[in-house]
Amino acid sequence: MLIAITGTPGTGKSVTAKHLEKALNAEILNIEQIARKHKILVEYDDRTMSMVIDEFKISDAIEAEIKKGKTYVVPSHLSHFIMPSLVKLCVVLRCDPLVLEKRLGKRAYSQKKIGENVMCEFLDACLIEAVEIGHKKHLHEIDTSKKSAGAVCKEIVNVLNKKKKLEFGKIKWLK
Ligand SMILES: Nc1ncnc2c1ncn2[C@@H]1O[C@H](COP(=O)(O)OP(=O)(O)OP(=O)(O)O)[C@@H](O)[C@H]1O
Ligand SMILES: [Mg+2]
């Protein structure tokens, strides 16, 4: 089974994945490493200062890396581009834009880059993409602003165990 953890940079995908690794005895898949191995990194984007991955080729590369019967966690803002048929659960991590601005402020990011990410969070960008790509039937959204990464992990485990219902679309930063 594969769990895609998506969300704006800084929402806590990596720290949550670390907790899930232990809780589910899972393997964390690094999309960048896989993209490099499968040569689907297309270019370096000077504006965002990051490599651009060919979103349409992610699924094939991931499919080639996974084995039946194992549990995988993919923490990446691109993980919702993995085709829904490969995904058991797609989690969109959210964060109050004011809290996110503080978290990103601790990184060596320019004000412009922080602003762009905060705006993406305001506009529900990852959630909208995840819905459009077809993850609705296994989509769950979590506000990480006031929850520890451990608590976020526990909620994901509860969703997998059906102790908690899937839920998305309730978080609105623009009021
Ligand atoms: N639930 C949480 N509560 C408080 N702080 C958190 C939480 N989750 C993450 N953080 C903090 O926010 C920062 C960003 O977390 P993390 O690196 O996991 O984000 P990310 O979504 O993986 O970002 P990126 O997309 O850039 O890889 C870290 O300093 C982390 O400790
Ligand atoms: Mg990360």
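Which residue in β7 stands opposite valine 92? Glutamate 141 in β7 occupies that position.

The model is predicted, so local features are limited to pLDDT of at least 70 and side-chain atom pairs to pLDDT 80 or more, while totals for chains, interfaces and linings use all residues. Residues are numbered from 1 along each chain as its sequence is written, and chains are lettered from A and ligands numbered from 1 in the order in which they are written.

**Exercise 1. Describe the overall fold of the protein chain.**

Step 1. The protein chain holds seven helices and seven strands; helices (H or I, at least four residues) and strands (E, at least two) are DSSP runs, numbered from the N terminus. Along the sequence their pattern is β-α-β-α-β-β-α-β-β-α-α-α-β-α.

Step 2. The radius of gyration, taken over C-alpha atoms, is compared with the globule rule, which is 2.2 Å times the number of residues to the power 0.38. The protein chain has a value of 15 Å, close to the 16 Å that the rule gives for 175 residues, so it is as compact as a globular protein of that length. Along the principal axes, the C-alpha atoms fill a box of roughly 45 × 40 × 30 Å.

Step 3. A residue is buried if 20 or more other C-beta atoms lie within 10 Å of its own, exposed if 12 or fewer, and partly exposed in between, with C-beta atoms placed from the backbone. Of the 175 residues, 33% count as buried.

Step 4. Two residues are in contact if their C-beta atoms, placed from the backbone, lie within 7 Å. Among contacts with a separation of 6 or more, 77% come from residues 24 or more positions apart.

**Exercise 2. Establish the strand order of the open sheet.**

Step 1. Strands of a sheet pair through backbone hydrogen bonds, either parallel or antiparallel. Here, two strands pair if DSSP finds at least two bridges between them.

Step 2. β2 and β5 are joined in the parallel sense by two bridges, with isoleucine 28 opposite valine 73 in β5.

Step 3. β1 runs parallel to β5, with four bridges between them. Leucine 2 has tyrosine 72 as its bridge partner in β5, and isoleucine 3 stands opposite valine 73.

Step 4. Four bridges also join β1 to β6 in parallel; threonine 6 stands opposite valine 92 in β6.

Step 5. β6 and β7 run parallel and share five bridges.

Result. The five strands form an open sheet in the order β2-β5-β1-β6-β7, with parallel pairing. β2 and β7 (139-143) are the edge strands, each pairing on one side only.

**Exercise 3. Determine which faces of β5 are covered, and how far β6 is enclosed.**

Step 1. In a regular strand the side chains alternate between the two faces of the sheet.

Step 2. In β5, Tyr72 and Val74 are buried on one side, and Val73 and Pro75 are buried on the other, so both faces are covered.

Step 3. Five of the six residues of β6 are buried, so β6 is largely enclosed by the rest of the structure.

**Exercise 4. Locate the buried side of α1 and what covers it.**

Step 1. The buried residues of α1 (residues 13-23) are Lys13, Thr16, Ala17, His19 and Leu20. They cover an arc of only 160° around the axis, which puts them on the same side of α1; the arc is that of the directions from the helix axis to the C-beta atoms.

Step 2. Their cover includes β1 (2-6), β2 (27-28), β5 (72-75), β6 (89-94) and α7 (149-160).

Step 3. Asparagine 25, just after α1, takes a positive phi of about 50°.

**Exercise 5. Characterise the shell around ligand 1.**

Step 1. A residue is near a molecule or strand if its C-beta atom, placed from the backbone, lies within 6 Å of it. Of the 16 residues around ligand 1, those that come nearest are Pro9, Gly12, Lys13, Ser14 and Val15.

Step 2. α1 and α7 are the elements that give two or more residues to this shell, and α1 gives the most, with three residues.

Step 3. The shell has five nonpolar, eight polar and three charged residues. In this classification Ala, Val, Leu, Ile, Met, Phe, Trp, Tyr, Cys and Pro are nonpolar, Asp, Glu, Lys and Arg are charged, and the others, Gly among them, are polar.
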